[in-house]
Amino acid sequence: HYYSRSTVPRLFYYCGSAAQTFFLYFLHDRLISVKHTDPENLVASLAILSQLGGALVCYPVGWWSDKSPHRQRLGVWVACALFAIGTTSLCFVTSIQGMRYVCVGLGVANGMYLTLETRLAVDTLPEGHKAQWMGIWGVAAFLGSAMGPLVGGPILYLSSDLSRSYQDVQYTEVGYSIVWSLSSFYFMCSAVSLWYLRP
């Protein structure tokens, strides 16, 4: 069924997005050597930048989608590519300014993806069963949000220095690199699975 297939890209999208659960720890461990850096405040400011980036592209992308309905999947693929590039870049960024650039890019990708992928899903709603399939589509989001941390959490834990006390645990770059790479993989799976969706 066309609409049931749209739940798979959404599942992978939320699996990839769930990696942001560890973003505060990542900033603390990666930028701990930067003086006068408060990870909590930095997360808040980066989140605002990311949301602004997404908000700025939502309307233009929606307008483009209405004008070019047959290119919606292309737009989602571009968004997934931006996601993959952005999350992979986190493995190498070591400055606050670099984090800002990456977060704006991820916000733009998020705005593009949610606008276009939602439009594709709505276009495939079967008559007489719209609420039912919207519910199933929503469950995919919940499952993805739960599955991401369930996989990433143990990876970070096993890669940490377990000899330290609970308060002093610092996760390793290897662990974060695996988490970000896995997130990129999920986004690419979302793009690939969208190929089988035909409105």
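These are my notebook entries on a predicted model of a protein chain.

**Overall fold**

I started with the secondary structure. I counted 7 helices and 0 strands in the protein chain. Read along the sequence, the pattern is α-α-α-α-α-α-α. I then looked up burial. Of the 199 residues, 42% count as buried. Next came contact range. Taking contacts with a separation of 6 or more, I found that residues 24 or more positions apart account for 80% of them.

**Largest nonpolar core**

I asked which residues touch the most other members of the largest nonpolar core. They are Phe23, Phe26, Leu27 and Trp180, in a core of 34 residues. I noted that α2, α3, α4, α5 and α7 each give two or more residues to this core. The largest share comes from α5, with 9 residues. As background, nonpolar side chains tend to be buried together in soluble globular proteins.

I followed Phe23 further. Leaving out residues up to four places away in sequence, Phe23 touches Val43, Leu46, Leu90, Cys103 and Trp180. I checked Cys103 on that list. Cys103 counts as buried, because its relative accessibility is 7%, under the 20% cut-off.

**Largest pocket**

I moved to the largest pocket. It holds about 520 Å³ of space. Its lining has 26 residues, and those nearest the pocket centre are Ser17, Gln20, Phe23, Ser50 and Leu106. Phe23 thus turns up both here and among the core residues that touch the most other members.

Which elements each supply at least two lining residues? I listed α1 (2–17), α2 (23–30), α3 (39–67), α4 (72–89), α5 (96–123) and α7 (173–193). I also sorted the lining by residue type. I got 16 nonpolar, 10 polar and no charged residues.

I picked Ser50 for a closer look. Ser50 lies in helix α3. Ser50 is buried, at a relative accessible area of 17%. Setting aside neighbours within four places in sequence, Ser50 is in contact with Cys103, Leu106 and Gly107. Leu106 is also one of the residues nearest the pocket centre. Cys103 is also a contact of Phe23.

**Largest cavity**

I searched for cavities of 30 Å³ or more and the count came to 1. The largest cavity holds about 60 Å³ of space. Residues lining it include Cys15, Gly16, Phe22, Gly148, Val179 and Tyr186. I noted α1, α6 (130–158) and α7 as each supplying at least two lining residues. α7 gives the most, with 4 residues. By type, the cavity lining divides into 7 nonpolar, 4 polar and no charged.

**Cysteines**

Cys15 lines the cavity, and I wanted to know whether disulfides turn up. A disulfide is a covalent bond between the sulfur atoms of two cysteines. The count of disulfides is 0. Why is Cys15 not bonded to Cys189? The sulfur of Cys189 is the closest cysteine sulfur to that of Cys15, but it is 9.2 Å away, too far for a bond. The cut-off is 2.5 Å. I also looked up exposure. Cys15 is buried, with a relative accessible area of 4%.

**Spot checks**

Ser65: I placed this residue in helix α3. Is Ser65 buried or exposed? Ser65 is buried, with a relative accessible area of 2%. Beyond residues up to four places away in sequence, Ser65 touches Gln72, Leu116 and Arg119.

Gly105: I found this residue in helix α5. Gly105 counts as partly exposed, because its relative accessibility of 29% falls between the 20% and 50% cut-offs. I took the C-alpha distance from Gly105 to Gly86 and got 6.7 Å, with their positions 19 residues apart in sequence.

Val93: I found this residue in the loop between α4 and α5. Val93 is buried all the same, with a relative accessible area of 13%. What does Val93 touch, residues up to four places away in sequence aside? I listed Arg30, Gly98, Met99 and Val102. I then took the C-alpha separation of Val93 and Arg30. The two are 63 residues apart along the chain, and their C-alpha atoms are separated by 8.9 Å.

How values were computed: Residues are numbered from 1 along each chain as its sequence is written. This is a predicted model: local features need pLDDT of at least 70, side-chain atom pairs count only at pLDDT 80 or more; totals for chains, interfaces and linings use all residues. Side-chain values use heavy atoms; hydrogens and water are left out. On a 1 Å grid over the protein atoms alone, a cavity is a set of points where a 1.4 Å probe fits but cannot get out, and a pocket is an open set with protein on both sides within 12 Å along at least five of seven lines; lining residues have an atom within 4 Å of a point. Grid points are joined across faces, edges and corners, and a volume is the space filled by probe spheres set on the points. Ala, Val, Leu, Ile, Met, Phe, Trp, Tyr, Cys and Pro count as nonpolar, Asp, Glu, Lys and Arg as charged, and the others, Gly among them, as polar. A nonpolar core is a set of buried Ala, Val, Leu, Ile, Met, Phe, Trp, Tyr and Cys residues joined through side-chain atoms within 4.5 Å. Buried means under 20% relative accessible area, exposed over 50%, partly exposed in between (1.4 Å probe, protein chains only). Contact means heavy atoms within 4.5 Å.
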